[in-house]
Amino acid sequence: MSVNHIFIFTDDYDKAAQELIDFGFTEGSSRVHPGQGTQNRKFNFNNFFLEILWVHDEREINSALTKPTKLDERANWKNNDCSAFGLCLDYSSEEDSLFENYFKYEPTYLPSGMEIQVLRNLENPSLPWTFRWKSEGVQKAKNEIIVHENKIEFLTKVCFRVESVQNEYVRFFEKDESIFFEQSKDKYLKLEFDHKKTKQVKRFDTIPLIIEY
């Protein structure tokens with residue numbers, strides 16, 4: 001199982017991005033998602049990217065196309081029980097059983113006919129908004145910078161702190177060695193890089209993120 005990218009919704013996107021930069025990360029490309037109502041700033045690594053995400057257009061995120069995705073509720077996570085996080089997995093048959101009852105989302109910024117398979121986790125909104133798609137035909141940003149001042153290179157472990165771990169979604173990941181879930185009232189994301197070779201920890205103030213490296 002492979003993580004393609006992770007997003008974090010925030011209202012303080014400039015402060016969040018600056019805190020990541022101050023920590024020693026180099027910022028990559030950014031984009032608006034037309035029709036979805038969101039915009040991002042990205043930080044790229046050897047094996048995934050981290051995405052700071054926010055609402056760019058209230059009308060679009062509440063449109064008939066996007067509203068069923070529940071992204072608007074994720075964006076409002078400070079005022080409800082939702083997770084601020086999105087987990088994108090690289091498309092693989094390994095996850096077919098997990099995505100058996102996925103929600104089909106066809107945003108206008110993808111080529112016509114291409115779908116994003118989404119697990120909205122409606123019954124357990126503290127779980128991450130989880131998705132995948134077959135990326136053939138999607139133009140990728142070129143020459144993304146993956147060298148960082150703090151020397152961090154590879155994502156080696158992901159841990160989501162969620163309200164409950166007693167559900168089928170979490171059980172699916174029990175045999176995986178890179179994606180974990182911890183039960184906690186505080187909904188945080190913990191990312192481990194480079195097998196914690198420096199044994200240092202950074203807790204961010206502007207976003208619910210802890211980095212071990």
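**View 1. A nonpolar patch sits on the surface of this predicted model.** A patch here gathers residues with over 30% relative accessible area and no salt bridge, and nonpolar side chains are joined within 5 Å. Ile-145, Ile-146 and Val-147 make up such a patch, and together they offer about 260 Å² of accessible area. Look for Ile-146 in the loop between β8 (129-132) and β9 (155-162). With a relative accessibility of 33%, Ile-146 counts as partly exposed.

**View 2. Here is Lys-142, out in the loop between β8 and β9.** Is Lys-142 buried or exposed? Its relative accessible area is 69%, so Lys-142 is exposed. For a sense of distance, try Gly-37: the two residues are 105 places apart in sequence, and their C-alpha atoms are 24 Å apart in space.

**View 3. Now meet Phe-131, a residue of strand β8.** Phe-131 has a relative accessibility of 5%, so it counts as buried. Which residues does Phe-131 touch, leaving out those up to four places away in sequence? The list runs to His-5, Phe-7, Gly-86, Leu-87, Cys-88, Leu-89, Phe-99, Ile-116, Gln-117 and Val-118. Asn-80 lies 51 residues from Phe-131 along the chain, and 21 Å separate the C-alpha atoms of the two.

**View 4. Eight strands line up in an open sheet.** Reading across, the order is β2-β3-β4-β1-β5-β8-β7-β6, and the pairing is mixed. Which strands are at the edges? They are β2 (30-33) and β6 (103-105), each of which pairs on one side only. From one strand to the next, the twist averages 25°. Helix α1 (residues 13-23) packs on this sheet, where it touches β3 and β4 (49-55). The direction of α1 makes about 0° with that of β3. As a reminder, strands of a sheet pair through backbone hydrogen bonds, either parallel or antiparallel.

**View 5. Zoom in on the hairpin of β2 and β3.** Strand β3 covers residues 38-44, and four bridges join it to β2, with the two running antiparallel. You can pick out some of the partners: Arg-31 is matched with Asn-40 of β3, and Ser-30 is matched with Arg-41 of β3. Four residues lie between the strands of this hairpin, and Gly-35 takes a positive phi near 85°. Arg-41 turns up in another setting too, since Asp-14, Glu-27 and Arg-41 are linked in a network of salt bridges.

**View 6. Two salt bridges to find are Lys-67 with Asp-72, and Lys-70 with Glu-73.** In the pair of Asp-72 and Lys-67, the closest N and O atoms are 2.6 Å apart. Asp-72 is buried, at 13% relative accessible area, while Lys-67 counts as partly exposed, at 38% relative accessibility. Between the side chains of Lys-70 and Glu-73, the N to O distance is 3.8 Å. Lys-70 is partly exposed, with 28% relative accessible area, and Glu-73 is partly exposed, with 32%.

**View 7. Another salt bridge brings together Lys-157 and Glu-192.** Their side chains meet at 3.9 Å, N to O. Lys-157 belongs to strand β9 and Glu-192 to strand β11 (residues 189-193), so this pair ties together parts that are 35 residues apart in sequence. Lys-157 is partly exposed, at 31% relative accessible area, whereas Glu-192 counts as buried, at 7% relative accessibility. How many salt bridges does the count come to? The count comes to 13.

Conventions. Residues are numbered from 1 along each chain as its sequence is written. This is a predicted model: local features need pLDDT of at least 70, side-chain atom pairs count only at pLDDT 80 or more; totals for chains, interfaces and linings use all residues. Side-chain values use heavy atoms; hydrogens and water are left out. Patches are made of residues with over 30% relative accessible area and no salt bridge: like charges are joined within 9 Å, nonpolar side chains (Val, Leu, Ile, Met, Phe, Trp, Tyr) within 5 Å. Accessible areas come from the Shrake-Rupley method with a 1.4 Å probe; for residues, only the protein chains shown count as cover. A salt bridge is a side-chain nitrogen of Lys or Arg within 4 Å of a carboxyl oxygen of Asp or Glu. Buried means under 20% relative accessible area, exposed over 50%, partly exposed in between (1.4 Å probe, protein chains only). Contact means heavy atoms within 4.5 Å. Two strands pair if DSSP finds at least two bridges between them. Axes are lines fitted to C-alpha atoms, for helices over the stretch in contact, and angles run from 0 to 180 degrees between N-to-C directions.
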